[in-house]
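Here are a few short exercises to work through with the model open beside you. Try each task on your own before reading its solution.

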Amino acid sequence: MQKRCLNCDWAIHSVEATQREEQSRETIEHFTETGHTIVTMPEPINPGVPS
Ligand SMILES: [Zn+2]
């Protein structure tokens with residue numbers, strides 16, 4: 001799962017080190033700071049991009 005902003009490039013990827021509560025907190029922070037719309041994506045945006 002991944003959370004992504006519809007208004008800018010902000011996104012949270014499912015990282016093992018990132019706890020679910022932490023993701024929710026950062027999502028709320030981004031929303032309150034920018035008023036942007038954040039959606040939950042079932043899959044990564046760029047699954048084929050190498051790191
Ligand atoms: Zn945003």
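Buried residues make up 2% of the 51 residues in the protein, where buried means that 20 or more other C-beta atoms lie within 10 Å of a residue's own, exposed means 12 or fewer, and partly exposed lies in between, with C-beta atoms placed from the backbone. This is a predicted model, in which local features need pLDDT of at least 70 and side-chain atom pairs count only at pLDDT 80 or more, while totals for chains, interfaces and linings use all residues. Residues are numbered from 1 along each chain as its sequence is written.

**Exercise 1. Write down the order of helices and strands along the sequence.**

Start with the inventory: the protein has one helix and three strands. Here helices (H or I, at least four residues) and strands (E, at least two) are DSSP runs, numbered from the N terminus. Now read along the sequence, and the pattern is β-β-α-β.

**Exercise 2. Work out the strand order of the sheet and find its edge strands.**

Begin with the pairs; two strands pair if DSSP finds at least two bridges between them.

- β1 (2-5) and β2 (11-12) pair in the antiparallel sense over two bridges, and Arg4 stands opposite Ala11 in β2.
- β1 and β3 also pair in the antiparallel sense, over four bridges; here Cys5 stands opposite Ile38 in β3.

Next, put the pairs together: the three strands form an open sheet in the order β2-β1-β3, with antiparallel pairing. The edge strands are β2 and β3 (38-41), each of which pairs on one side only. As a reminder, strands of a sheet pair through backbone hydrogen bonds, either parallel or antiparallel.

**Exercise 3. Is Cys8 buried or exposed?**

First locate the residue: Cys8 is in the loop between β1 and β2, two strands that form a hairpin with five residues between them. Then count: Cys8 is exposed because it has 10 C-beta neighbours inside 10 Å. Finally, look across the chain: Thr37 is 29 residues away from Cys8 in sequence, and their C-alpha atoms are separated by 9.1 Å.

**Exercise 4. Check the span of α1 against the expected value, then look at how it is covered.**

The expected span of a helix is 1.5 Å times one less than its number of residues. For the 15 residues of α1 this gives 21 Å, and the end C-alpha atoms are 21 Å apart, so the two agree. As for cover, α1 is hardly covered, with a count of zero buried residues. Ile28, found in this helix (residues 20-34), counts as exposed because it has 11 C-beta neighbours inside 10 Å. Just after the helix comes Gly35, whose phi is positive, near 75°.

**Exercise 5. Is Ile12 buried or exposed? Then find how far Ile12 and Ile28 are from partners elsewhere in the chain.**

Ile12 sits in strand β2. Ile12 is buried because 20 other C-beta atoms lie within 10 Å. Its C-alpha atom is 8.4 Å from that of Glu26, 14 residues apart along the chain. Ile28 and Ile38, 10 residues apart in sequence, have C-alpha atoms 9.0 Å apart.
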